[in-house]
Amino acid sequence: IYMDIMKYISLGIITDSGGFRHQNMNSLAFLIASEAMNENVDLYNIYRINIIEKSENEFMVDKLIRDRIEYIDSPNIAYAYLTYEDTWYKKCGAGETESIGNIGKELEGNKVSIILKEDTEGIRVSVRTNIPYSSFNIVKALNGGGHFGAAGAYIKKDNIKNMSFSEKKLLIDEIKDILIKEARKEIQKHK
């Protein structure tokens, strides 16, 4: 029972910390990981399977976001979007697009990553920030929630399934403009 519990605790720490990369890391997480290794928990494979490996859908959506990403006020804000017109995105199952929110944080010096994703009833907003910037402060303008490093919002649009791509793009651009304005304010506060 102890080994099973340690495996799941290790999995939680690895995934919630983005593989020990997010600002929520602390010494306790490393202490628990160390204890798990001492108990022969296979952290290597837990990490590989949950952080590194991607399904073909995830891999292709990751590539699409990297190709589509815009750097605004370079390199302060990274922005990209997905709609169901994007074939690989349409094929994704639950959870297969969770990691893309962090892609914009990979560029050295970038402060805010914004990803918008169409779903069956609206647009999902995902905002990730690096210290000292607050994702939560950015999504408040859209009645979103979350915490300092990761936050989101949901813009419900009942007829999104029937909208043309150009209509969806207008909606996405409106949301983008609001988020960019809020991100600029958040960045300005820390200058």
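This report walks through the sheet, the nonpolar cores and the two biggest pockets of a predicted model.

**The sheet**

Let's start with the strands. There are six of them in an open sheet, and reading across it the order is β1-β2-β3-β4-β6-β5, with mixed pairing. At the edges sit β1 (70–72) and β5 (145–146), each of which has a pairing partner on one side only.

β3 is a good strand to follow. On one flank it runs parallel to β2, and six bridges join the two. It also pairs with β4, this time in the antiparallel sense and over eight bridges. The link from β3 to β4 is a hairpin that passes through two residues. Within this pairing, K117 has R124 in β4 as its bridge partner.

How many of the residues of β3 are buried? Eight of its eight, so by the under-20% cut-off for relative accessible area the strand is mostly covered. That goes for both faces: V112, I114, L116 and E118 are buried on one side, and S113, I115, K117 and D119 are buried on the other. Note the charged residues in that list: E118 is on the first of those sides, while K117 and D119 are on the other.

**A78, next door in β2**

A78 sits in strand β2, and it stands opposite S113 in β3. Is A78 buried or exposed? Its relative accessibility is 1%, which is why it counts as buried. Setting aside neighbours within four places in sequence, A78 touches I69, E70, Y71, G104, N110, V112, S113 and I114. There is also a long jump in sequence to mention: A78 and I180 are 102 residues apart along the chain, yet their C-alpha atoms are 9.5 Å apart in space.

**The nonpolar cores**

The largest nonpolar core has 26 residues, and the ones with the most contacts inside it are I114, L116, V125, I175 and L179. Several elements give two or more residues to this core, namely β2 (77–82), β3, β4, α6 (135–139), β6 and α7 (165–189). Which of them gives the most? That's α7, with seven residues.

I114 shows how these pieces come together. Leaving out neighbours within four places in sequence, I114 is in contact with I77, A78, Y79 and A80, with S126 and V127, and with L179 and I180. A second core, separate from the first, has 11 residues, including I65, I69, I103 and I115. Two β3 residues, then, turn up in these cores: I114 in the largest one and I115 in the second.

**The two biggest pockets**

Here they are side by side.

| Pocket | Volume | Nonpolar lining residues | Polar lining residues | Charged lining residues |
|---|---|---|---|---|
| Largest | about 870 Å³ | seven | 12 | 12 |
| Second largest | about 350 Å³ | nine | six | eight |

The largest pocket holds about 870 Å³ of space. It is lined by 31 residues, and G18, R21, H22, S99 and N102 come closest to its centre. At least two lining residues come from each of α1 (2–16), α3 (43–52), α4 (56–68) and β4 (122–129). The biggest share is from α4, with five residues.

N102, one of the residues closest to the centre of the largest pocket, lies in the loop between α5 and β3. N102 counts as buried because its relative accessibility is 16%. Apart from neighbours within four places in sequence, N102 is in contact with H22 and R128. H22 is itself on the list of residues closest to the centre of that pocket.

The second largest pocket has a volume of about 350 Å³. Which residues are the closest to its centre? Among its 23 lining residues, they are Y89, T97, E98, K117 and R124. The elements that supply two or more residues to this lining are α5 (87–91), β3 (112–119), β4 and β6 (150–156). K117 and R124 are already familiar as bridge partners across β3 and β4.

Definitions and conventions: Residues are numbered from 1 along each chain as its sequence is written. This is a predicted model: local features need pLDDT of at least 70, side-chain atom pairs count only at pLDDT 80 or more; totals for chains, interfaces and linings use all residues. Side-chain values use heavy atoms; hydrogens and water are left out. On a 1 Å grid over the protein atoms alone, a cavity is a set of points where a 1.4 Å probe fits but cannot get out, and a pocket is an open set with protein on both sides within 12 Å along at least five of seven lines; lining residues have an atom within 4 Å of a point. Grid points are joined across faces, edges and corners, and a volume is the space filled by probe spheres set on the points. Helices (H or I, at least four residues) and strands (E, at least two) are DSSP runs, numbered from the N terminus. Ala, Val, Leu, Ile, Met, Phe, Trp, Tyr, Cys and Pro count as nonpolar, Asp, Glu, Lys and Arg as charged, and the others, Gly among them, as polar. A nonpolar core is a set of buried Ala, Val, Leu, Ile, Met, Phe, Trp, Tyr and Cys residues joined through side-chain atoms within 4.5 Å. Buried means under 20% relative accessible area, exposed over 50%, partly exposed in between (1.4 Å probe, protein chains only). Contact means heavy atoms within 4.5 Å. Two strands pair if DSSP finds at least two bridges between them.
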